[in-house]
Amino acid sequence: MTALFEPFTLRDVTIPNRVWMPPMCQYSAAPEGPEAGVPHDWHFAHYAARAAGGTGLVIVEATAVAPEGRISPYDLGIWNDTQVEAFRRITRFLTGQGTVPAIQLAHAGRKASTDQPWKGGAPLGPDAYGWRPLAPSAVPFDERHPVPAELTAEEIRAIVGQFADAARRALAAGFEIAEIHGAHGYLIHEFLSPHSNHRTDAYGGSYENRTRFALEVVDAVREVWPDDKPLFFRVSATDWLEEGGWTPDDTVRFARDLQAHGIDLLDVSTGGNAAAVRIPTGPGYQVPFAARVKAETTLPVAAVGLITDAEQAEKILSNGEADAVLLGRELLRNPSWARHAARELGGEVRVPDQYHRSV
């Protein structure tokens, strides 16, 4: 059996293969009213297609734990029961196809309240469904973004509670795995990095203080998330800054802390917290960061970043650089990537009965 199509078990959940879909925002929910943040037909069709295509794990896009935690007014949310009921339709279908349904719980922090990316992604004001973003420090992401409101200690504690409440709802919605979004310059990442965290209280300054909020979120979610279900954490392994940012050394140290607090897998990405940095993109450009965490800790890892073909994905796993691969853009292009890869590598993947003619 190829490494790519070996099952992978964490706690009591077995994922049928190592071809995973990362969270990718669709920016397609209603921006206000009773349908705000609610998944609808587009979301169902989008995720259902990847499940029918053989993807082992589907992580639903960054889903806000509160209205002000959305990246855009058009993001999904999981702060009310209407959203939970709509998600059940998606999780039922994914589970029925043998795909494990997961969800990424998120708060956008200072990068919140922006337009859909195909409309330019500019910050939005109250006249366009927008709001003032929140952050660890009153430091804007760049010159286009507004100065965010600096969170008080009481507000920080409230957001920790929002993550826990969101996890409870995710469980009720039928998700088997939850992932906490601590990457890409959103709220948790903003606390982690000295580039964006200029606080002088218990949540800023030292490594221990800057990681405090993240670990409080993990503890709060782990407390309500069942012991038999895995909990992931997505990290940006580097800010790509020469100094003054979050570093790969920090990530390795943090991985050990996360594992001690009940995280079962680290989803390793990079960047997103510092504007105008130069990132040396190329095939598998983020894989070495996942490989380092895997080599220097005992925490399982998933690799992401311009992984596009079957041989490349298989090599990452067979070389021991990661335990699973996350294919983003490639799964947007080809919902049945897993089936094609299985045919190419001689692996096996579930095919829906209705598609038996394609085998």
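D264 is buried in this predicted model, its relative accessible area being 13%, which falls under the 20% limit for a buried residue. Its side chain forms a salt bridge with R222, and the closest N and O atoms are 3.1 Å apart. The pair links distant parts of the chain: R222 belongs to helix 6 (residues 212–224), whereas D264 lies in the loop between helix 7 (248–260) and strand 10 (265–269), 42 residues apart. R222 is likewise buried, with a relative accessible area of 10%. R11 joins these two residues in a network of salt bridges.

**Other charged pairs**

The structure holds 15 salt bridges. Side chains of opposite charge can pair when their charged atoms come close. Three of the bridges are listed below.

| Salt bridge | Closest N to O distance |
|---|---|
| R222 and D264 | 3.1 Å |
| K294 and D323 | 3.0 Å |
| E6 and R18 | 3.6 Å |

K294 lies in helix 8 (residues 287–296) and D323 in the loop between helix 9 and strand 12 (324–326), so their salt bridge ties together parts that are 29 residues apart in sequence. K294 is partly exposed, with a relative accessible area of 26%, while D323 counts as buried at 12% relative accessibility.

The side chains of E6 and R18 also meet in a salt bridge. E6 is placed in the segment before strand 1 (8–10) and R18 in the loop between strand 2 (13–15) and strand 3 (19–21), so the pair connects parts that are 12 residues apart in sequence. E6 is partly exposed at 32% relative accessibility, and R18 is buried at 11%.

E314 presents another case. This residue of helix 9 (residues 310–318) is buried yet has no salt bridge; R18, the nearest side chain of opposite charge, is 9.2 Å away. Beyond its neighbours within four places in sequence, E314 is in contact with T2, A3, L4 and L345.

**Strand 5 and its partners**

Seven of the seven residues of strand 5 (residues 100–106) are buried. V100, A102, Q104 and A106 point one way from the strand, P101, I103 and L105 point the other way, and all are buried. Strand 5 runs parallel to strand 4 (residues 57–64), to which seven bridges join it; within this pairing, I103 is the bridge partner of V60. Strand 4, helix 2 (residues 81–96) and strand 5 together make a right-handed β-α-β unit. Strand 5 is also joined by four bridges to strand 8 (residues 177–182), again in parallel, and L105 stands opposite I180 of strand 8.

**Nonpolar cores**

The largest nonpolar core has 85 residues, and F213, F233, F254 and L266 have the most contacts inside it. Leaving out residues up to four places away in sequence, F233 touches E179, I180, G182, I188, A214, V218, F254, L258, I263, L265, L266 and D267. A second, separate core of 16 residues includes F8, L10, I59 and A102.

**A buried loop residue**

S137 is found in the loop between strand 6 (134–135) and strand 7 (149–150), and it counts as buried at 3% relative accessibility. Apart from residues up to four places away in sequence, S137 touches P148, E150, S196, N197, H198 and R199. S137 and T200 are 63 residues apart in sequence, and their C-alpha atoms are 9.9 Å apart in space.

Conventions. Residues numbered from 1 in each chain as written. Predicted model: local features only at pLDDT ≥ 70, side-chain atom pairs only at ≥ 80, totals over all residues. Heavy atoms only, no water. Core = buried A, V, L, I, M, F, W, Y, C linked by side-chain atoms within 4.5 Å. Buried < 20%, exposed > 50% of the residue type's maximum accessible area, 1.4 Å probe, protein only. Contact = heavy atoms within 4.5 Å. Helix = DSSP H or I, 4+ residues; strand = E, 2+ residues; numbered from the N terminus. Lys, Arg positive; Asp, Glu negative; His and termini not counted. Salt bridge = Lys/Arg side-chain N within 4 Å of Asp/Glu carboxyl O. Pairing = 2+ DSSP bridges. Right-handed = clockwise from strand over helix to strand, strands pointing away.
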